[in-house]
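Please open the model in your viewer and keep the selection tool at hand, since this tour moves from one selection to the next.

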Amino acid sequence: MKEKEQINSISLKQYAEESYLNYAMYVILDRALPNIGDGLKPVQRRILYAMSELGLDAGSKYKKSARTVGDVIGKFHPHGDSAAYEAMVLMAQNFSFKYPLVDGQGNWGSQDDPKSFAAMRYTESKLTKFADLLISELKSGTVDWQPNFDGSLLEPVIFPSKLPSILLNGTSGIAVGMATDIPSHNINEVIDATIHILENSKAELKDITKIIKGPDFSNESPIIASPEELEEIYSTGRGGFKAQAHWVQEKSEIIINALPYQASGSKILEQIADQMLKKKIPMVVDLADEGDHQQPVRLVITLKSNRVNAQDVMNHLFASTDLQKNYRANMNLISLNGGPKVFSLVELLKEWLVFRKNTVTRKLEHRLDQVNDRLHILEGLLIVYLDLDKVIKIIRESDEPKKDIIKAFKLSDIQANAILEIRLRQLAKLEQLKLEQERNALLEEQNEIEKILQSKTRLKTLIKKELLEIKDEFGEERKSPIQESSDAKVFSEEETLVTESITVVLSEAGWIRSAKGHEIDPGSLSYRGEDKLQDYCRGKSNQISVFLDSNGKAYSIPSHSLPSARGMGDPISGRVSADSGVKFISTLIGNDNDKYMIINTAGYGYISEFKNMVSNKKSGKAFMKLPNEAQLLKALRVREDHVYIAAVSNIGRLLIFEINELPVLPKGKGNKVINIPTPKFLAKEEYMAHAQLISPSSSLRIESGKRFLTLKLKDLENYISSRAKRGNMLPQGYRKVDNMIEEVESILAESEE
């Protein structure tokens, strides 16, 4: 009877936890995070090892990439060929790797479209000279080896890198619950910093950041990072920075010749073109990609004229397109103890130096073993050369020559084998001299290696010498300048507008519109039914229009958004939330510091700056506090040459006083302009009907029905007094004032416009 199979059961929770933990550890250690020693992920290491085994060093001929990928996935990395090939492509792209490890021939993609590389059956590749710095000592006993996935071959656990390559090329990867993002750096700076720590084990971050200025990419795109941001990255291992495109101006053209790391030129052009269509950058009239083989990146932005500030345009594009990109730094690596760790810059370099010292020590010990083995053989050969005839006789006559030679000359088994393998031509006297020379050279090398192994100082000197030799061969100056800050800022809506002169028109019924130019006569426009002109103002389309209602509230509307005067306009009630039954009295346009006189029918008023009336609220801003039954009158713009204020009541009392008697206030009730007795005002018997501002060179025109008076200042002396007085009565026939107008010289009129 067949025995029952024993089944062990575990809970689903335990099974899920163990399975997910195993998967997570595999992704972290065997796929996503690089090792601090050689700065490579397993797939990258396997690609480079497979290429070295195929003899594809820097001096060899190119071979089809498919051959390499076949070896990688067949021998070392049992995953998809596309994944292995993409990892290989990345190491060949000089815009992805600052110091490429693969030398590619054919189409390996472009910065504009990194995924546009040709299939692996078309491209050819070999290793670069730089890759040799990682691989050259591989067969010198420097690293441990492990079985490949099927146990048929051995592969290196790590490469014996001669320099901290993880800082040079950087990397990025997403594991389970963690990620890594390490920017590339300049080889000169990294080597100098490594040597500094090698010689000064107590070196601090402030010493190292004087040498390593910051990240460095493969083009001239500036790095945007403050000293505080860089200190955070290098002290904690985490942080962020920005990179901008590099550009120059040629007349009315902006030439972009270097893009941020992993930025796409075609995508940037799409982003700019989209803004042009939406009229967000009206100062840009054309775009072009003039990149070619010699100059892969050359984006041309044509401005409307060479008077446009190119720096302002670029600051806007930096803020709104990929011409400026944000980068994260997270120096998460597999440490020497085999687990993930986030390193500070000093910790990283110190740990790599521990790795390098161990590697060099193993290399020296391996070489010392080789030297000792060879010396052992040479000692035996030289003993034999002292009595060649005896050796020959033993070999000719003995049944077991090996045993007899060992017995006769007191040699080891290894020495005896070496003697028996000597060819006849090697028995010449000249060969003996060569052996003696080789022994002397090896003894000298043995002595030197033993000195280095016994002295930490000599070991450091050797590592330093190797690093300086690498710097001499591969060194280069920093390409990416460091800038502390960026002025990137998106244009405001007003800045993107085409500025033109406009006239804003307000009708009695509260309809608003905007006409181009200052020459238009608002009274000549068409109005609905019995509606007619209430007020108008002249300004620029990029300014704010303010509307004042009869309750003393101020409402702001961007002038460029007003409907065209070619129609009859829109009701202002559709743009703002005003109280029911109010009437809109005035419309104003001005600069922040322009001054206006604000008055009401109760005889109160003050002077205020334009900026005090502007509000972002649809419900407006309470601007003038009105006494009971009072209504706002038209606001009057104050010029610098205005010296007098003229106020007239409905019964013909005229008062003129100096303008500096009226206070300048941000808002409020104001002071009394002309004395209107409260009982008479409440009974609607008397109220302030009009006011006007007068300069020494202007005249006051008083209109009453079809009659009018034009009076200069000298004619008005009888009415000049102090603020808040009752004023004097106008002549008979002019006491019912329909309007008061300031008539100025033509020059003054032009300057006002």
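Begin by selecting Asp-71 and Lys-75, which stand four residues apart in helix α3 (residues 65-76) and are therefore separated by about one helical turn. In this predicted model, the side chains of Asp-71 and Lys-75 meet in a salt bridge, with 3.5 Å from N to O. Side chains of opposite charge can pair when their charged atoms come close. A search of the whole structure finds 36 salt bridges, and the pair formed by Asp-71 and Lys-75 is a salt bridge that you can now display.

Next, select helix α7 (residues 187-199) together with helix α12 (residues 345-385), whose axes come within 10 Å and cross at roughly 75°. That crossing angle makes α7 roughly perpendicular to α12, because angles of 65 to 115 degrees count as roughly perpendicular. To see where the two helices touch, show the side chains of Ala-193, Thr-194, Ile-197 and Leu-198 on α7, and then those of Val-346, Leu-349, Lys-350, Trp-352, Leu-353 and Lys-357 on α12. If you colour the residues of this contact of α7 with α12 by character, they divide into seven nonpolar, one polar and two charged.

Now turn from contacts to empty space. Rolling a probe the size of a water molecule over the atoms shows where empty space is left. How many cavities of 30 Å³ or more are there? The count comes to two.

For the largest cavity, which holds about 90 Å³ of space, select Gly-39, Leu-40, Phe-97, Ser-165 and Asn-169, the residues that lie nearest its centre among the 13 that line it. The elements giving two or more residues to this lining are α5 (129-135) and α6 (165-169), and the largest share, three residues, comes from α6. Taken by character, the lining of the largest cavity divides into six nonpolar, six polar and one charged residue.

The last stop is the second largest cavity, where about 50 Å³ of space lies. Select Ser-507, Trp-511, Arg-513, Ser-526, Tyr-527, Arg-528, Asp-531 and Met-568, which together line the second largest cavity. Coloured in the manner used before, the residues of this lining divide into three nonpolar, two polar and three charged.

Technical notes
Residues are numbered from 1 along each chain as its sequence is written. This is a predicted model: local features need pLDDT of at least 70, side-chain atom pairs count only at pLDDT 80 or more; totals for chains, interfaces and linings use all residues. Side-chain values use heavy atoms; hydrogens and water are left out. Axes are lines fitted to C-alpha atoms, for helices over the stretch in contact, and angles run from 0 to 180 degrees between N-to-C directions. Angles under 35 degrees count as roughly parallel, over 145 as roughly antiparallel, 65 to 115 as roughly perpendicular and the rest as oblique. Contact means heavy atoms within 4.5 Å. Ala, Val, Leu, Ile, Met, Phe, Trp, Tyr, Cys and Pro count as nonpolar, Asp, Glu, Lys and Arg as charged, and the others, Gly among them, as polar. On a 1 Å grid over the protein atoms alone, a cavity is a set of points where a 1.4 Å probe fits but cannot get out, and a pocket is an open set with protein on both sides within 12 Å along at least five of seven lines; lining residues have an atom within 4 Å of a point. Grid points are joined across faces, edges and corners, and a volume is the space filled by probe spheres set on the points. A salt bridge is a side-chain nitrogen of Lys or Arg within 4 Å of a carboxyl oxygen of Asp or Glu.
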